[in-house]
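Please open the structure in your viewer, with the sequence panel beside it, and keep a selection tool ready. The tour below moves from one selection to the next and says what is to be found at each stop.

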Amino acid sequence: PDVSHTKMDAPLSQHQNLLLGLASGVATKLVNYPLLSWKNMYIMGEKIQLTSAVYRGLPMACINLGGTTATQFWLTGVFQSLLAKKNTDPTLLAPFLGGLSSGIPCSFLELTMIQQQRFGGSLISTPRRVVKEYGVPALSRGTISCMGRESLYTMAMLGVAPLIQQNLVQRLELNPDMALVVGALSGSLFACTLTHPLDAIKTCMQGDVGQKKYTNISQTARSLIKEYGIANGLFRGLMWRVGLITTTFFLVNRFKQMLAPSLFGQSKTAA
């Protein structure tokens with residue numbers, strides 16, 4: 001949906017959506033990366049650090065969120081076009097499908113980032129080490145959980161949050177930035193509540209590539225529940241993630257609204 005401050009007429013092309021998603025994602029992660037590090041540390045039961053160590057894996061995180069957001073923008077635009085041809089409302093379904101598909105590359109990037117956060121290493125040496133020690137299939141750890149998480153996450157970020165903002169601006173004449181804050185918070189609470197168990201399971205599986213403690217999805221879930229209980233196991237680190245996703249939803253949509261006119265002109269609107 002068109003949620004920018006300036007009335008736009010022509011939609012962005014698929015390549016423009018890709019570039020806008022990349023720019024918005026990288027800019028966002030440069031701002032709120034420590035929240036991601038602290039969330040992962042907390043979920044894996046490690047001590048929260050307040051040193052420069054929280055920036056381990058930042059380049060991969062920028063590649064991850066930048067690349068994943070770019071993919072989500074692009075795929076959402078593709079599905080919007082396909083659904084529009086079938087006279088189907090794409091507002092929520094298009095970002096859901098775009099997010100589901102983006103979970104495949106996102107999973108590999110997050111596995112690399114989590115391994116860097118735990119053990120250090122470079123963008124190249126980390127996946128190389130994982131393959132050497134555990135084989136190529138180890139790089140796919142957590143992919144199914146990631147796809148499920150990204151489908152609802154993207155629907156909330158590119159569907160729910162801007163839709164709420166649009167309605168608050170149009171019906172209540174709320175300030176667009178305040179409306180975006182409300183939309184981002186509402187969308188993040190929706191996304192976090194539904195997807196956090198998948199995120200916790202994925203994080204533990206990708207942090208334990210050697211499967212010393214966590215093997216598959218069901219065993220990881222049982223292990224977390226047994227050790228911490230349902231609330232502290234499957235929803236462990238929820239507040240960290242609410243903060244992370246709220247800021248991400250706000251920043252991605254804000255950067256999108258700021259950058260689209262600058263990059264592509266006043267007559268364009270993002271998907």
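What follows is a walk through several helices and the loops that join them.

Please bear in mind throughout that this is a predicted model.

**Stop 1: helix α3 on its own**

Begin by selecting residues 90–119, which form helix α3. For its 30 residues a span of 44 Å is expected at 1.5 Å a residue, and the end C-alpha atoms lie 42 Å apart, which agrees. The helix nevertheless bends by about 40° at I104, and if you step along the chain from that residue you will meet a proline, P105, within four residues. Move on to the residue just after α3, G120, and you will find a positive phi of about 80° there.

**Stop 2: where α3 meets α4**

Keep α3 selected and add residues 125–134, helix α4, whose axis comes within 9 Å of that of α3 and crosses it at roughly 95°. How are α3 and α4 oriented to each other? An angle from 65 to 115 degrees counts as roughly perpendicular, and α3 and α4 are therefore described as roughly perpendicular to each other. To see the contact itself, show the side chains of F108, L111, T112, Q115, Q116 and F119 on the α3 side, together with T126, P127, R129 and V130 on the α4 side. Coloured by character, the residues of this contact divide into five nonpolar, four polar and one charged.

**Stop 3: where α3 meets α1**

Now hide α4 and select residues 14–43, helix α1, which packs against α3 at an angle of about 75° with the two axes 11 Å apart. That angle makes α1 roughly perpendicular to α3. The residues to display are Y33, L36, S37 and N40 in α1, which meet M113, I114 and Q117 in α3. This contact of α1 with α3 is made up of four nonpolar and three polar residues, with no charged ones.

**Stop 4: I114, a residue of α3**

Centre the view on I114, which has its place in helix α3. Is I114 buried or exposed? Its relative accessible area is 1%, so I114 is buried. Leaving out residues up to four places away in sequence, I114 touches N40, M44, K202, T203, Q206 and G207. If you draw a C-alpha to C-alpha distance from I114 to Q206, you should read 6.9 Å, although 92 residues separate the two in sequence.

**Stop 5: α6 and its residue T195**

Next, select residues 176–207, helix α6, and look within it for T195. With a relative accessible area of 0%, T195 is buried. Apart from neighbours within four places in sequence, T195 is in contact with R149, L152 and R241. P176 also lies in helix α6, but at 28% relative accessibility P176 counts as partly exposed. From P176 you may draw a line to P261, which is 85 residues away in sequence and 16 Å away in space, C-alpha to C-alpha.

**Stop 6: the bent helix α7**

Select residues 217–234, helix α7, and compare its ends: a straight helix of 18 residues would span 26 Å at 1.5 Å a residue, whereas the end C-alpha atoms of α7 span only 12 Å. Where in α7 should you look for a bend? Go to Y228, at which α7 bends by about 115°. The buried residues of α7 are Q219, T220, A221, S223, L224, G233 and L234, and what covers these buried residues includes α6.

**Stop 7: two loops and an exposed arginine**

Finish with some exposed positions, starting in the loop between α2 (58–85) and α3, where N87 is found. N87 has a positive phi of about 55° although it is not a glycine, and at 74% relative accessibility N87 counts as exposed. Then select the loop between α5 (143–172) and α6, which holds E173. The phi of E173 is also positive, near 55°, in a residue other than glycine, and E173 is exposed, with a relative accessible area of 71%. Last, select R171 in helix α5, which is exposed at a relative accessible area of 68%. R171 lies 39 Å from E110, C-alpha to C-alpha, and 61 residues from E110 in sequence.

Notes. Residues are numbered from 1 along each chain as its sequence is written. This is a predicted model: local features need pLDDT of at least 70, side-chain atom pairs count only at pLDDT 80 or more; totals for chains, interfaces and linings use all residues. Side-chain values use heavy atoms; hydrogens and water are left out. Axes are lines fitted to C-alpha atoms, for helices over the stretch in contact, and angles run from 0 to 180 degrees between N-to-C directions. Angles under 35 degrees count as roughly parallel, over 145 as roughly antiparallel, 65 to 115 as roughly perpendicular and the rest as oblique. Contact means heavy atoms within 4.5 Å. Ala, Val, Leu, Ile, Met, Phe, Trp, Tyr, Cys and Pro count as nonpolar, Asp, Glu, Lys and Arg as charged, and the others, Gly among them, as polar. The expected span of a helix is 1.5 Å times one less than its number of residues. The bend at a residue is the angle between axes fitted to the seven residues ending there and the seven starting there. Buried means under 20% relative accessible area, exposed over 50%, partly exposed in between (1.4 Å probe, protein chains only).
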